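Reader: I should be grateful for a close look at the empty space inside this protein. Please describe what surrounds that space, and then the packing and the loops around it.

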Amino acid sequence: MADFDVVLKHWGAVEADYTSHGNLVLTRLFTEHPDTQNLFPKFVGIAQGDLAGNAAVSAHGATVLKKLGELLKAKGDHAAILKPLANSHANKHKIAINNFKLISEVIVKVMEEKAGLDAAGQQALRNVMAAVIADIEANYKELGFSG
C-alpha cells in the first residue's frame, strides 16, 4: 500500500499532461526496444524520427498512462480493471508479459525525469508494476495464453 502512495505523490505531473508523457513513453519504448513497435499495427510504418510528433502515438500513450493511473489509484484492488486489460492483451493483441516489463522500466525513467520520482519512488513504482504484471500473468494463465 505504501508503494502506491509514494508513486501517487508524483502522479499529478503525469496526469497534468498525459498526452506528451504518453508520447514520450511510447517513443522511448520503440526507440530502446524497436521490436515493440511491431506489436502496434497502426505504428509499424512510422519512422523513429517521426514518433515524437505523431498524434496517434501520443493518444495511445495517453491511454496507457490513464489506465496506469486507474491501477495506481486502486492501490492493489485492481482485479476489475486488470481482467479486461489482460483479456484484450492476451486474446486480441497477443502481448507477451516481457513487454509489460519493458514499458514499466520506460515509465520509471520518464517519471524520474518528468515527475521528479526519486530512487525510493522508482523502487516503489517497480514494486507496484511487478505486482500488476504478476496479476496480468495470472490472468494470462487462466486464459491459457503463454505470452
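Author: The model is a predicted one, and the account may begin with the chain as a whole. Over residues 1–141 the chain is 77% helix and 0% strand, and the C-alpha atoms at the two ends of that stretch are 25 Å apart. The UniProt record, an unreviewed entry, places the feature "domain: Globin" at these residues, 1–141.

Empty space is located in a simple way. A probe the size of a water molecule is rolled over the atoms, and this shows where space is left.

The largest pocket holds about 680 Å³ of space. Its lining is made up of 27 residues, and those that lie nearest the centre of the pocket are Phe-40, His-60, Val-64, His-89 and Phe-100. Four helices each supply at least two residues of this lining: helix 4 (55–74), helix 5 (79–92), helix 6 (97–115) and helix 7 (119–143). Of the elements concerned, helix 4 gives the most, with six residues. As to chemical character, 16 residues of the pocket lining are nonpolar, eight are polar and three are charged.

Besides the pocket, there is the question of enclosed space. The structure holds one cavity of 30 Å³ or more, and about 30 Å³ of space lies in the largest cavity. The residues around this cavity are Trp-11, Val-14, His-21, Val-25, Leu-65, Ile-107, Val-110 and Met-111. Helix 1 (2–15), helix 2 (18–32) and helix 6 are the elements that give two or more residues to this lining. Helix 6 gives the most to the cavity lining, with three residues. Seven residues of the cavity lining are nonpolar and one is polar, with no charged residue among them.

The packing of the buried nonpolar side chains comes next. The largest nonpolar core has 46 residues, and Met-111, Ile-136 and Tyr-140 are those with the most contacts inside this core. Two or more residues of the core come from each of helix 1, helix 2, helix 4, helix 5, helix 6 and helix 7. Helix 6 provides the largest share, ten residues. Met-111 thus appears twice in this account, since Met-111 is listed in the lining of the largest cavity and is also named for its contacts inside the core.

Ile-136 may be followed further. Leaving aside neighbours within four places in sequence, Ile-136 is in contact with Leu-82, Leu-85, Ala-86, Ile-97 and Phe-100. Phe-100 is also one of the residues nearest the centre of the largest pocket.

Ile-97, another of the partners of Ile-136, is found in helix 6. With a relative accessible area of 4%, Ile-97 is under the 20% cut-off and therefore counts as buried. Beyond its neighbours up to four places away in sequence, Ile-97 touches Ile-133, Ile-136, Glu-137, Tyr-140 and Gly-147. The C-alpha atoms of Ile-97 and Ile-133 are separated by 7.2 Å, although the two residues are 36 residues apart along the chain.

Ser-104 is also found in helix 6. Its relative accessibility is 6%, and Ser-104 therefore counts as buried. Not counting residues up to four places away in sequence, Ser-104 touches Met-129 and Ile-133. Ile-133 is thus in contact with Ser-104 and with Ile-97.

Two lysines in loops complete the picture. Lys-75 is found in the loop between helix 4 and helix 5, and has a positive phi of about 50 degrees although it is not a glycine. At 31% relative accessibility, Lys-75 falls between the limits of 20% and 50% and so counts as partly exposed. Not counting residues up to four places away in sequence, Lys-75 touches Met-1, Phe-4, Asp-5 and Leu-8. The C-alpha atoms of Lys-75 and Met-1 are separated by 6.2 Å, with the two residues 74 residues apart along the chain.

Lys-94 is found in the loop between helix 5 and helix 6. Phi of Lys-94 is near 55 degrees, again a positive value in a residue other than glycine. Lys-94 has a relative accessibility of 48% and therefore counts as partly exposed.

Notes
Residues are numbered from 1 along each chain as its sequence is written. This is a predicted model: local features need pLDDT of at least 70, side-chain atom pairs count only at pLDDT 80 or more; totals for chains, interfaces and linings use all residues. Side-chain values use heavy atoms; hydrogens and water are left out. On a 1 Å grid over the protein atoms alone, a cavity is a set of points where a 1.4 Å probe fits but cannot get out, and a pocket is an open set with protein on both sides within 12 Å along at least five of seven lines; lining residues have an atom within 4 Å of a point. Grid points are joined across faces, edges and corners, and a volume is the space filled by probe spheres set on the points. Ala, Val, Leu, Ile, Met, Phe, Trp, Tyr, Cys and Pro count as nonpolar, Asp, Glu, Lys and Arg as charged, and the others, Gly among them, as polar. A nonpolar core is a set of buried Ala, Val, Leu, Ile, Met, Phe, Trp, Tyr and Cys residues joined through side-chain atoms within 4.5 Å. Buried means under 20% relative accessible area, exposed over 50%, partly exposed in between (1.4 Å probe, protein chains only). Contact means heavy atoms within 4.5 Å. UniProt positions are given in the numbering used here, feature names are shortened, and annotations may be inferred rather than shown by experiment.
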